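Here is a short briefing on one structure. Look it over first, then read the points below.

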Amino acid sequence: MTEKTMKKYYIKTFGCQMNAADSDMFSEYLISCGYLPTDTPDNADIVIINTCSVRQHAEERAFTEIGDMKHYKAANPNGKVIVVGCMAENLGDEIKKKYQQVDLVIGAKNTQNFPEIMTQSGIIQKGIAAAVAKNDNKISSHITIMRGCNNFCSYCIVPYVRGPEQSKPVDEILKEITDLTERGIKEISLLGQNVNSYFSNNVDFADLLAKVSEIKNIKRIRFMTNHPKDVSDKLLKSISTLNKVCHHIHLPLQSGSDKILELMNRKYTFENYYQLVRKIRYYISEISITSDIMTGFPTETDKDHKATIEAINKIGFDFTYVFKYSPRSKTEAFKLKDDVTKEKKEKWHKELLDLCNSIAKERNTKLIGTLSEVLVESSADTPEINDDKKEFFGKGRDNRGIVFRSAKNLIGQSINVKITQAKIHSLIGEVEN
Ligand code: 5AD
Ligand code: SF4
């Protein structure tokens with residue numbers, strides 16, 4: 001079979017890293033069934049839209065994509081359109097009723113059964129031989145170690161669409177990672193809505209980190225995301241003593257106002273959070289701490305907003321995502337009036353984003369002149385620069401992205417890079433000889 005005659009698939013992914021990990025799994029499966037990836041739906045035999053429900057904006061974008069598939073279906077009547085993920089779970093077959101171009105809907109609680117569902121539905125014929133071996137030169141990969149969430153933060157739809165927390169058995173995780181190392185993976189990110197509450201067969205998250213550390217060819221371990229209430233001393237000790245575990249923790253704060261934190265059902269006060277950050281920095285001084293902040297939650301006042309500004313200044317996050325509150329039906333907060341005006345949300349969002357970005361840049365700037373141990377992930381040609389070097393990209397142990405130039409192919413290697421310039425989202429450096 002030539003590349004031209006082989007069947008193709010296209011995946012569009014919205015939302016978090018868990019969705020990205022699911023899309024990777026769909027990809028793997030389709031490749032093992034003899035399909036090739038393509039970067040446009042136009043010539044695809046299967047189109048997958050992996051959706052997110054966390055904010056209305058993400059849903060709207062997915063709806064636009066699904067709507068556009070009408071043209072795809074008209075041009076490819078035999079093509080299959082599959083909608084998966086959180087929105088698929090939330091709205092179910094309603095999507096199929098509303099959009100006739102959709103052939104199959106697979107909710108977030110079922111994504112791990114994707115291969116069986118694809119054969120049961122007849123879209124994939126059973127018994128197709130594994131045609132191509134995957135060789136994508138990837139250095140870093142992520143795996144989902146737990147699904148669902150029990151926390152019920154009042155604004156969040158995840159516990160409803162992904163269901164209760166379920167930890168994947170340890171042996172399964174270790175096997176998956178070992179298999180990935182055989183394909184050249186050196187860095188693994190362990191994913192879950194709240195990895196700190198991982199528990200399976202008497203193994204907690206700190207124990208799991210120790211077990212993954214024992215896998216020889218894994219050089220680096222990352223993990224996300226964390227709930228401040230579940231970060232234990234045992235975990236901090238593991239991060240500080242296990243060499244392979246990277247010094248980065250994503251620790252969503254959401255708000256600096258205790259009144260809002262309580263309404264959000266976050267189960268901590270700002271003081272609790274602040275003391276946790278102090279403890280983390282005491283155990284692991286060079287750790288980077290990143291966060292999520294939400295603005296415009298029901299009943300939020302200028303005073304609450306000011307408390308968030310003070311909190312951000314006091315902590316000094318290395319990077320922060322800032323979101324505008326988006327009411328989600330089914331959640332507790334949906335019962336509260338969405339009483340912060342659109343204009344106010346915009347204004348607060350801009351203020352917080354500007355503040356967080358300036359702090360991130362300031363913290364990055366302090367690193368100029370220091371060395372970072374970078375695991376090199378990818379390279380890009382830079383035809384506009386006339387030398388024999390390529391641009392390389394990798395990450396430091398603190399999760400900061402670093403770009404540098406080299407004539408030698410360094411992909412997969414761990415090298416020291418001297419930081420020469422700082423941006424908000426990344427650093428620029430030079431290879432240290
Ligand atoms: N509106 C806005 N942001 C939300 N998040 C979760 N639910 C909502 C919502 N309804 C944000 C939180 C969370 C991140 C993944 O998304 O900040 O930490
Ligand atoms: Fe949503 Fe809270 Fe669970 Fe995170 S911890 S997924 S914000 S309910």
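This is a predicted model. Its chain averages a pLDDT of 94, and 97% of the residues score at least 70. Residues 129-133 fall below a pLDDT of 50. That stretch still has ten contacts in the model beyond near neighbours in sequence. The points below cover the two ligand sites, the salt bridges and Asp-398.

**Ligand 1**

- The residues around ligand 1 are Val-54, Arg-55, Tyr-155, Gln-254, Asp-292, Met-294, Phe-323, Lys-324, Tyr-325, Ser-326 and Arg-328.
- Arg-55 approaches with its side chain: an N or O atom there is 2.9 Å from an oxygen atom of ligand 1.
- Val-54 uses its backbone instead, with an N or O atom 3.5 Å from a nitrogen atom of the ligand.
- Ser-326 also uses a backbone N or O atom, which lies 2.8 Å from a nitrogen atom of ligand 1.

**Ligand 2**

- Ligand 2 is surrounded by Cys-149, Asn-151, Phe-152, Cys-153, Tyr-155, Cys-156, Val-158, Pro-159, Gln-193, His-227 and Arg-266.
- This shell holds seven nonpolar residues, three polar ones and one charged residue.
- Tyr-155 is listed around ligand 1 and also around ligand 2.

**Salt bridges between separate elements**

- The whole structure contains 25 salt bridges.
- One of them joins the side chains of Asp-204 and Lys-234, at 2.9 Å from N to O.
- Asp-204 sits in strand β11 (residues 203-204) and Lys-234 in helix α9 (residues 233-241), so this bridge ties together parts 30 residues apart in sequence.
- Asp-204 is partly exposed, at 21% relative accessibility.
- Lys-234 is partly exposed too, with a relative accessible area of 41%.
- A second pair is Asp-304 and Lys-259, whose side chains meet at 2.8 Å, N to O.
- Here two helices are tied together, because Asp-304 lies in α12 (residues 302-315) and Lys-259 in α10 (residues 258-263); the parts are 45 residues apart in sequence.
- Asp-304 is buried, with a relative accessible area of 8%, whereas Lys-259 is partly exposed at 38%.
- A third pair, Glu-377 and Lys-395, forms a salt bridge at 4.0 Å, N to O.
- Glu-377 belongs to strand β16 (residues 371-380) and Lys-395 to strand β17 (residues 390-395).
- These two residues are 18 apart, and the pair links distant parts of the chain.
- Glu-377 is buried, with a relative accessible area of 19%.

**Asp-398 and its network**

- Which residues share a salt-bridge network with Asp-398? They are Asp-318, Arg-363 and Arg-400.
- Asp-398 is located in the loop between β17 and β18 (401-406).
- Is Asp-398 buried or exposed? Its relative accessibility is 17%, so Asp-398 counts as buried; the cut-off for buried is under 20%.
- Its side chain makes a polar contact of 2.9 Å with the side chain of Arg-400.
- Beyond neighbours within four places in sequence, Asp-398 is in contact with Arg-222, His-247, His-248, Ser-288 and Leu-367.

Technical notes:
Residues are numbered from 1 along each chain as its sequence is written. Chains are lettered from A and ligands numbered from 1 in the order in which they are written. This is a predicted model: local features need pLDDT of at least 70, side-chain atom pairs count only at pLDDT 80 or more; totals for chains, interfaces and linings use all residues. Side-chain values use heavy atoms; hydrogens and water are left out. A residue is near a molecule or strand if one of its heavy atoms lies within 4 Å of it. Ala, Val, Leu, Ile, Met, Phe, Trp, Tyr, Cys and Pro count as nonpolar, Asp, Glu, Lys and Arg as charged, and the others, Gly among them, as polar. pLDDT is the predictor's confidence in each residue, from 0 to 100. Contact means heavy atoms within 4.5 Å. Helices (H or I, at least four residues) and strands (E, at least two) are DSSP runs, numbered from the N terminus. Buried means under 20% relative accessible area, exposed over 50%, partly exposed in between (1.4 Å probe, protein chains only). A polar contact is a pair of N or O atoms within 3.5 Å; within protein, one must be able to donate a hydrogen and the other to accept it, and residues adjacent in sequence count only if both atoms are side-chain atoms.
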